[in-house]
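I opened this model to look up its overall layout, its aromatic pairs and a few loop residues. My entries follow in the order I made them.

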Amino acid sequence: MKKEKLVIACLLGLIVFGLSACRYPEPSPSIHTPEYRIIGSWKVHSTYFNGTPLDSTNINVLDSTGLYANNPGTYYYIYADHILNVMAYHNGDFRQSTFSTWVLLNKNTQLALDFTILGRRYSYTANITKLTRKELNYEYDDEDGNHWRLELQSASVF
């Protein structure tokens, strides 16, 4: 009986060691690869501009900067072949991005986005702070030195 418990304990130890050894160096640990977790539909849930949360009372910051893709409610559709589609709501209509790509960089800790929407080109590399199948949070500095933090929630059905 004691020998069986020892064998079971050793097997469990090997399984735990094997799973932890396969983890990727990334902001949010998971058994799924970062590429698998990031593919899907995402909706901007919260936006922070220089540390200040943006909502309906101060959304004019986005209008003055022209960064409509950062609006809460904007959708990011991330496809497996590094194609990106961004849909933003502007003046009562949904607008869709053109020429859009994404790629994970620096051992999956950074996300490079490149797209054009509403006549503005977005090309930046963001630091990923959280990446799960349900949440994607990242931060970046725009060309004017403003710091943006976006929190996206999955809009995909699993």
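**Overall layout**

I began with burial: buried residues make up 37% of the 158 residues in the protein. I note here that the model is predicted.

I then went through the secondary structure and found three helices and 10 strands. Along the sequence they follow the pattern α-α-β-β-α-β-β-β-β-β-β-β-β.

For the surface, I have about 9300 Å² exposed by the protein, with 57% of it supplied by carbon and sulfur atoms. For contacts, I took those with a separation of 6 or more; residues 24 or more positions apart account for 45% of them.

**Aromatic pairs**

How many aromatic pairs does the structure hold? I have eight on my list.

I looked up Phe49 and Trp148, which form a tilted pair, 4.7 Å centre to centre with 55° between the planes. Phe49 belongs to strand E1 (residues 40–49) and Trp148 to strand E10, so this pair ties together parts that are 99 residues apart in sequence. Are these two rings buried or exposed? Phe49 has a relative accessible area of 14%, and I put it down as buried because the cut-off is under 20%. Trp148 is at 0% relative accessibility and therefore also counts as buried.

My next entry is Tyr76 and Phe115, an edge-to-face pair with 6.0 Å between centres and 90° between the planes. This pair links distant parts of the chain: Tyr76 is in strand E3 (residues 75–78) and Phe115 is in strand E7 (residues 110–117), 39 residues apart. I checked burial for both Tyr76 and Phe115, and both are buried. Ring pairs also bring in Tyr122, giving a cluster of Tyr76, Phe115 and Tyr122.

**Charges over rings**

I followed Tyr122 further and found the charged end of Arg120 over its ring, 5.2 Å from the ring centre. A second entry of this kind is Arg133, whose charged end sits over the ring of Tyr36 at 4.8 Å from the centre.

**Asn146 and Asn50**

Where is Asn146 found? I placed it in the loop between strand E9 (135–141) and strand E10 (147–154). With a relative accessible area of 17%, Asn146 is buried.

I listed what Asn146 touches, leaving out residues up to four places away in sequence: Phe49, Asn50, Tyr140 and Asp141. Phe49 is the residue that forms the tilted pair with Trp148. With Asn50, the Asn146 side chain makes a polar contact, side chain to side chain, at 3.2 Å.

I then turned to Asn50 itself, which lies in the loop between E1 and strand E2 (52–54). Asn50 has a relative accessible area of 41%, so I entered it as partly exposed, the class between 20% and 50%. I also noted its phi, near 50°, a positive value in a residue other than glycine. Most residues other than glycine have a negative phi, which is why I wrote this one down.

**Asn108**

Which other asparagine did I note for a positive phi? Asn108 has a phi of about 65° although it is not a glycine. I found Asn108 in the loop between strand E6 (98–105) and E7. At 12% relative accessibility, Asn108 counts as buried, whereas Asn50 is partly exposed.

Conventions
Residues numbered from 1 in each chain as written. Predicted model: local features only at pLDDT ≥ 70, side-chain atom pairs only at ≥ 80, totals over all residues. Heavy atoms only, no water. Helix = DSSP H or I, 4+ residues; strand = E, 2+ residues; numbered from the N terminus. Buried < 20%, exposed > 50% of the residue type's maximum accessible area, 1.4 Å probe, protein only. Polar contact = N/O pair within 3.5 Å; in protein donor to acceptor, adjacent residues only side chain to side chain. Contact = heavy atoms within 4.5 Å. Areas by Shrake-Rupley, 256 points an atom, 1.4 Å probe, with all protein chains shown as cover. Phe/Tyr/Trp six-rings, centres within 6.5 Å; stacked < 30°, edge-to-face > 60°. Lys NZ or Arg CZ within 6 Å of the ring centre and 35° of its normal.
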